[in-house]
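Here's a quick tour of a single chain and the ligand that comes with it. Have the sequence and the 3D view open as you read.

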Amino acid sequence: MKRILIILMALLLLLAGCSTSVNENSDIDNNEKIESATLKPDEKTTEGEIESEEDNNIEQITEEPTTEELITEEPITEEPSSVEQTNNIDDEKNTKNLLKIEGLVENELSLSLDELKAMTDIIFEADFYSLNSFGTTGYTYFKGIKLWNLLDEVALIKPDATKISIIAEDGYKMEFTIEQVQNEYIDETNPENKYPMIIAWEEDGEEYNTDEGAPYKLVVGQKEAGDVNKPQWVSNIDVILIE
Ligand SMILES: Nc1nc2c(c(=O)[nH]1)N[C@H]1C(S)=C(S)[C@@H](COP(=O)(O)O)O[C@H]1N2
Ligand SMILES: [Mo]
């Protein structure tokens, strides 16, 4: 109902040619927006930030906008230039698949998947055993890079570093001491095997789908029999922070 009233008001104001008297009492911008929303419902826009700002402006006038109203108001936003849009998309693609190593290292790195795959002498692959907090167990075949070798030989970790944090895009984080990253881990069901901590890009023969996030997962075996290791498997790693 409110929407119809607003549209009628806007039309009346237009017909009467008295928009100046209204503009005296309220924000000129907002009136323009309502009019254009009413008259040009076909234009589309893609800039989210500007949209939400302007939605807020409209909210102040109408008090209780329905979802439908907010959608109708989309066309009123300024069109970002096509150059801007292209750059935004490119930026996203270029930063999406990079594994970042930051902090107390000689070489802060942003490694692409191809660069990691090229480090053939520090790649490790194996079936890893997992136990989670509900007692669920399983084996997953992972292929990836040995984390300690990556930090020690490529990033050149500094001698005063004490803490290594593996931080995911969703904020999930696991922290380790240097020794914990250097250690080898076990599989309680195959006690003769040893496993380094790895950053995997391939799971059960398939690379991660980059549409679902950064294609890197921390994989850690067990410290000892019964060790609940699955929560340490940080997926969609954004950055490895050395402190
Ligand atoms: N990025 C990220 N990784 C994560 C988590 C998370 O919330 N975010 N949860 C952890 C926990 S508690 C468990 S048990 C496992 C679950 O892995 P799954 O979803 O493959 O079973 O992922 C771990 N890795
Ligand atoms: Mo979990």
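## The chain as a whole

A contact here means heavy atoms within 4.5 Å of each other. With that in hand, take the contacts between residues at least 6 apart in sequence: 61% of them join residues at least 24 apart. Keep in mind that this is a predicted model.

As for the parts list, the chain has nine helices and 12 strands. It runs to 243 residues, and 35% of them count as buried. About 14,000 Å² of the chain is exposed, with carbon and sulfur atoms supplying 49% of that area.

## The five-stranded sheet

Let's turn to one of the sheets. Five strands make up an open sheet with mixed pairing, in the order β2-β1-β12-β5-β6. At the edges sit β2 (109-111) and β6 (173-177), each of which pairs on one side only. From one strand to the next, the twist averages 15°.

Zoom in on β5 (residues 163-168) and β12 (residues 237-242): these two run antiparallel and are joined by five bridges. To get your bearings there, find S165, which stands opposite L241 in β12. Then look for helix α8 (residues 147-155), which lies across β1 (99-103), β2, β5 and β12. Its direction is at about 65° to β1.

## Around ligand 1

Which residues are around ligand 1? They are A168, D170, Y172, K230, P231, W233, V234 and S235.

Three of these residues are worth a closer look for their polar atoms. The side chain of D170 has an N or O atom 2.7 Å from a nitrogen atom of ligand 1. For K230, an N or O atom of the side chain is 3.2 Å from an oxygen atom of the ligand. With W233 the backbone is involved: one of its polar atoms is 2.8 Å from a ligand nitrogen atom. Taken alone, ligand 1 exposes 530 Å², and the protein buries 57% of that.

## Q232 in its loop

Now for Q232, which is found in the loop between β11 (217-219) and β12. Is Q232 buried or exposed? Its relative accessible area is 14%, so Q232 counts as buried, the cut-off being under 20%.

What does Q232 touch, leaving aside residues up to four places away in sequence? The list is M174, F176, L218, V220, G221 and K223. Two entries tie back to elements already met: M174 falls within the edge strand β6 (173-177), and L218 lies within β11 (217-219).

Key: Residues are numbered from 1 along each chain as its sequence is written. Chains are lettered from A and ligands numbered from 1 in the order in which they are written. This is a predicted model: local features need pLDDT of at least 70, side-chain atom pairs count only at pLDDT 80 or more; totals for chains, interfaces and linings use all residues. Side-chain values use heavy atoms; hydrogens and water are left out. Helices (H or I, at least four residues) and strands (E, at least two) are DSSP runs, numbered from the N terminus. Buried means under 20% relative accessible area, exposed over 50%, partly exposed in between (1.4 Å probe, protein chains only). Accessible areas come from the Shrake-Rupley method with a 1.4 Å probe; for residues, only the protein chains shown count as cover. Two strands pair if DSSP finds at least two bridges between them. Axes are lines fitted to C-alpha atoms, for helices over the stretch in contact, and angles run from 0 to 180 degrees between N-to-C directions. A residue is near a molecule or strand if one of its heavy atoms lies within 4 Å of it. A polar contact is a pair of N or O atoms within 3.5 Å; within protein, one must be able to donate a hydrogen and the other to accept it, and residues adjacent in sequence count only if both atoms are side-chain atoms.
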